[in-house]
Structure formats: C-alpha cells, structure tokens
Amino acid sequence: MLFDTIPPEEDDRLTRTLIGTMMGLLPTIDGNLIEIMNGLQESGEIPALKAEIAALGANPGYDRVRGALKPAVFAAMQKKPVPEEVWRVAAHDHVISGDNPVAVKKGDMVVLSIESATRADLAAGTADVSAVFGGMRKGKGRRPTHGCPGYAMAMGIIFGAVAVILNETD
C-alpha cells in the first residue's frame with residue numbers, strides 16, 4: 001500500500017515510512033501488548049475487565065470498549081512502557097533543568113527514560129501514554145522533536161487486541 005500511495009519521486013519519504021513502521025510501530029505495539037497483558041494478569045484485573053466488556057453487550061463499538069479498557073491499559077503502559085528509553089542527538093545547545101542542571105551541547109547523545117516519565121505521571125494521577133510515542137503531535141503549543149504519526153493507529157490496535165484477548169480467554 002505504501003508503494004502505491006507514495007509517489008516514486010518521494011522515495012526518501014517512502015523509506016522513512018517503511019523504517020518507521022518496521023522499527024518503530026510494530027515493536028512498540030508488540031512489546032506494549034505483552035507488557036499490558038502481563039501487568040493485567042499480575043494485578044488480577046482480567047476478570048473484572050472481562051466482565052466490564054461483557055456488560056457492554058454485543059457490538060459495543062470501539063469508543064465504549066476503549067472507555068472501559070483505557071484506565072487499566074494506560075496504567076499498565078505507564079508502569080512498564082515499551083520502549084523503556086530512547087536516545088536522541090541534541091539539535092541545539094540546551095540546559096536540562098532540575099535539581100542538578102545538565103548542559104547539553106548540539107550533537108550530544110541524550111538518553112531519555114520514558115519509564116521515568118510515565119511512572120512519574122502515573123504517580124501524579126495523570127493518565128498519559130504519549131511519552132511512549134515521543135509526545136503528542138497535535139494540540140495547542142505542542143511541537144515535539146518526534147511525535148509518532150502512528151500514535152492513534154497503535155493505540156487502536158492495542159485496545160482492539162486487548163479486547164479480543166480478554167474476550168477469548170477463560
């Protein structure tokens with residue numbers, strides 16, 4: 001489909017899209033699904049989630065299923081996100097503020113702990129998995145270095161897969 005929709009004169013975009021899908025989207029979905037299901041099993045939430053999904057009735061639709069699953073799925077992802085960390089090359093000089101400010105020079109390699117960010121949000125009561133996807137691409141004042149364009153698709157696949165797994169397990 002990508003070869004059919006991206007014109008030949010945009011081979012660079014086609015290459016980036018293929019690499020992003022194979023190296024970013026698929027492993028992130030796979031890893032998060034495994035960690036979500038492990039987390040739900042360890043926390044004992046599966047029976048209650050199964051009952052909640054069943055109570056929605058036949059063909060409840062994506063939005064209702066997502067609403068029922070979102071708190072548990074987000075919490076599981078925030079406890080153990082995949083990937084746990086990423087690295088980036090600094091595009092410009094910057095100082096990372098905090099208790100111990102760190103000067104970063106353009107070209108420096110910076111390792112970012114996604115797990116620290118998501119766990120801090122979880123501890124603060126903030127349900128947000130956008131850090132797993134490099135931040136949010138859309139929204140007022142948001143302009144991350146990398147906000148995954150596949151965020152909505154990935155979360156749709158994750159919610160759908162979790163719903164199917166819960167529906168099929170005893």
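Here are four short exercises with worked solutions on this predicted model.

**Exercise 1: the surroundings of Gln-78**

Find out whether Gln-78 is buried or exposed, and which backbone atom lies close to a polar atom of its side chain.

Solution. Start with the location: Gln-78 belongs to helix H4, which covers residues 62-79. Next, take the relative accessible area, which is 1% for Gln-78. Buried means under 20%, so Gln-78 is buried. Now look for a polar partner: the backbone oxygen of Thr-126 is 2.9 Å from a polar atom of the Gln-78 side chain. The cut-off for a polar contact is 3.5 Å. Finally, list the neighbours, leaving out residues up to four places away in sequence: Gln-78 touches Thr-118, Arg-119, Asp-121, Leu-122, Thr-126, Ala-127, Asp-128 and Val-129.

**Exercise 2: Asp-128, seen from the other side**

Work out where Asp-128 sits and which residues it touches, not counting those up to four places away in sequence.

Solution. Asp-128 is in the loop between H5 and H6. Its relative accessible area is 27%, so Asp-128 is partly exposed. Residues up to four places away in sequence aside, Asp-128 touches Phe-74, Gln-78 and Asp-121. For a C-alpha check, take Asp-128 and Ala-75: they are 53 residues apart in sequence and 8.6 Å apart in space.

**Exercise 3: sorting aromatic pairs**

Classify the pair Phe-74 and Phe-159, then the pair Phe-133 and Tyr-151.

Solution. You will need two quantities: a pair of aromatic rings is described by the distance of the centres and the angle of the planes. A search of the whole structure gives three aromatic pairs. For Phe-74 and Phe-159, the centres are 6.3 Å apart and the planes are at 20°, so this pair is stacked. The pair links distant parts of the chain, with Phe-74 in helix H4 and Phe-159 in helix H6 (residues 151-168), 85 residues apart. Both Phe-74 and Phe-159 are buried.

For Phe-133 and Tyr-151, the centres are 5.0 Å apart and the planes are at 85°, so this pair is edge-to-face. Here Phe-133 is in the loop between helix H5 (114-123) and H6, while Tyr-151 is in helix H6, 18 residues apart. Phe-133 and Tyr-151 are both buried. To finish, note that Tyr-62, Phe-74 and Phe-159 form one aromatic cluster.

**Exercise 4: a nonpolar patch**

Name the residues that make the nonpolar surface patch of about 440 Å².

Solution. The patch is made by Ile-19, Met-22, Met-23 and Leu-26. Take Leu-26 as a test case: it is in helix H2 (residues 11-43). With a relative accessible area of 43%, Leu-26 is partly exposed.

Technical notes: Residues are numbered from 1 along each chain as its sequence is written. This is a predicted model: local features need pLDDT of at least 70, side-chain atom pairs count only at pLDDT 80 or more; totals for chains, interfaces and linings use all residues. Side-chain values use heavy atoms; hydrogens and water are left out. Helices (H or I, at least four residues) and strands (E, at least two) are DSSP runs, numbered from the N terminus. Buried means under 20% relative accessible area, exposed over 50%, partly exposed in between (1.4 Å probe, protein chains only). A polar contact is a pair of N or O atoms within 3.5 Å; within protein, one must be able to donate a hydrogen and the other to accept it, and residues adjacent in sequence count only if both atoms are side-chain atoms. Contact means heavy atoms within 4.5 Å. Patches are made of residues with over 30% relative accessible area and no salt bridge: like charges are joined within 9 Å, nonpolar side chains (Val, Leu, Ile, Met, Phe, Trp, Tyr) within 5 Å. Accessible areas come from the Shrake-Rupley method with a 1.4 Å probe; for residues, only the protein chains shown count as cover. A salt bridge is a side-chain nitrogen of Lys or Arg within 4 Å of a carboxyl oxygen of Asp or Glu. Rings of Phe, Tyr and Trp (its six-membered ring) pair if their centres lie within 6.5 Å; planes under 30 degrees apart count as stacked, over 60 as edge-to-face and the rest as tilted.
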